[in-house]
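Colleague: Could you take me closely through one part of this model, the nonpolar core and what packs around it? I would like a connected account rather than a list.

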Amino acid sequence: MKGKLNSDMGEIYIDNAVIAKCAGNTAIECFGIVGMATVSVTDGIVKLVKRENLTKGINVTVDEENNLTIDFHVIVAYGVSISAVADNLISSVKYQVEETTGLTVKKINIYVEGVRVID
């Protein structure tokens, strides 16, 4: 299901990939986030996703009331507070997605898939 906005001129549909791209671009700017991650189903290996493929580490769903749920699979920097990084990620993404799309973000789930030392 796509996000839907009603306007005076008609309806606007926003694809989930567009919402995921917006959320991903905001997420990688957050302090403590190294990048998005994907988990291989066959062998369970976590891979860091390149900047061009950010949407692979993000899942966006739209419910019947047109509210968004965004799932992030992230790799965080070693030595940072995961709860502080998660709080920052949630508030930044919620604000940016709601301002950009006009849709309401109901829930953001963060799955920390790994920790990486950054130089």
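What follows is a reading of the core and its surroundings.

Modeller: The model is a predicted one, and I begin with the chain as a whole before turning to the core. The chain has two helices and seven strands, and from the N terminus on these elements run β-β-α-β-β-β-β-α-β. Of its 119 residues, 37% count as buried. Among contacts between residues at least 6 apart in sequence, 64% join residues at least 24 apart.

The largest nonpolar core has 26 residues, and those with the most contacts inside it are Met36, Ile70, Phe72, Val93 and Val97. Two or more residues are given to this core by each of helix H1 (16-27), strand S3 (33-39), S5, S6, helix H2 (82-101) and strand S7 (104-116). Val97 can serve as a point of entry: leaving aside its neighbours within four places in sequence, Val97 is in contact with Ile19, Cys22, Ala23, Leu68, Ile70, Gly102 and Val105.

Three of the residues just named, Ile19, Cys22 and Ala23, are also listed among the buried residues of H1, together with Ala20, Gly24, Thr26 and Ala27. These buried residues of H1 pack against strand S2 (10-14), S3, S5, S6 and H2. The helix itself has 12 residues and reaches 16 Å from its first C-alpha to its last, close to the 16 Å expected at 1.5 Å a residue. Within helix H1 lies Thr26, which counts as buried because its relative accessible area is 14%, below the cut-off of 20%. Not counting residues up to four places away in sequence, Thr26 touches Ser92, Val93 and Gln96, and Val93 is one of the residues with the most contacts inside the core.

On the strand side, Gly57 deserves attention. Its place is in the loop between strand S4 (46-48) and strand S5 (58-62), and Gly57 is buried because its relative accessible area is 0%. Once residues up to four places away in sequence are set aside, Gly57 touches Met36, Ala37, Thr38, Asp71, Phe72 and His73, and two of these contacts, Met36 and Phe72, are themselves among the residues with the most contacts inside the core. The C-alpha atoms of Gly57 and Phe72 are separated by 6.1 Å, although the two residues are 15 apart along the chain.

A second loop residue to inspect is Asn66, which lies in the loop between S5 and strand S6 (67-77). Asn66 has a positive phi of about 70° although it is not a glycine. Its relative accessibility is 19%, so Asn66 counts as buried, the cut-off being under 20%.

The surface gives a contrasting view. The chain exposes about 7,200 Å², of which carbon and sulfur atoms supply 51%. A nonpolar surface patch of about 500 Å² is made by Tyr78, Ile82, Val112, Val115 and Val117. In this patch, Tyr78 is found in the loop between S6 and H2, and Tyr78 counts as exposed because its relative accessibility is 62%, where the cut-off is over 50%.

Conventions. Residues numbered from 1 in each chain as written. Predicted model: local features only at pLDDT ≥ 70, side-chain atom pairs only at ≥ 80, totals over all residues. Heavy atoms only, no water. Helix = DSSP H or I, 4+ residues; strand = E, 2+ residues; numbered from the N terminus. Buried < 20%, exposed > 50% of the residue type's maximum accessible area, 1.4 Å probe, protein only. Contact = heavy atoms within 4.5 Å. Areas by Shrake-Rupley, 256 points an atom, 1.4 Å probe, with all protein chains shown as cover. Core = buried A, V, L, I, M, F, W, Y, C linked by side-chain atoms within 4.5 Å. Patch = residues over 30% accessible without salt bridge, like charges linked within 9 Å, V, L, I, M, F, W, Y side chains within 5 Å. Salt bridge = Lys/Arg side-chain N within 4 Å of Asp/Glu carboxyl O. Expected span 1.5 Å × (residues − 1).
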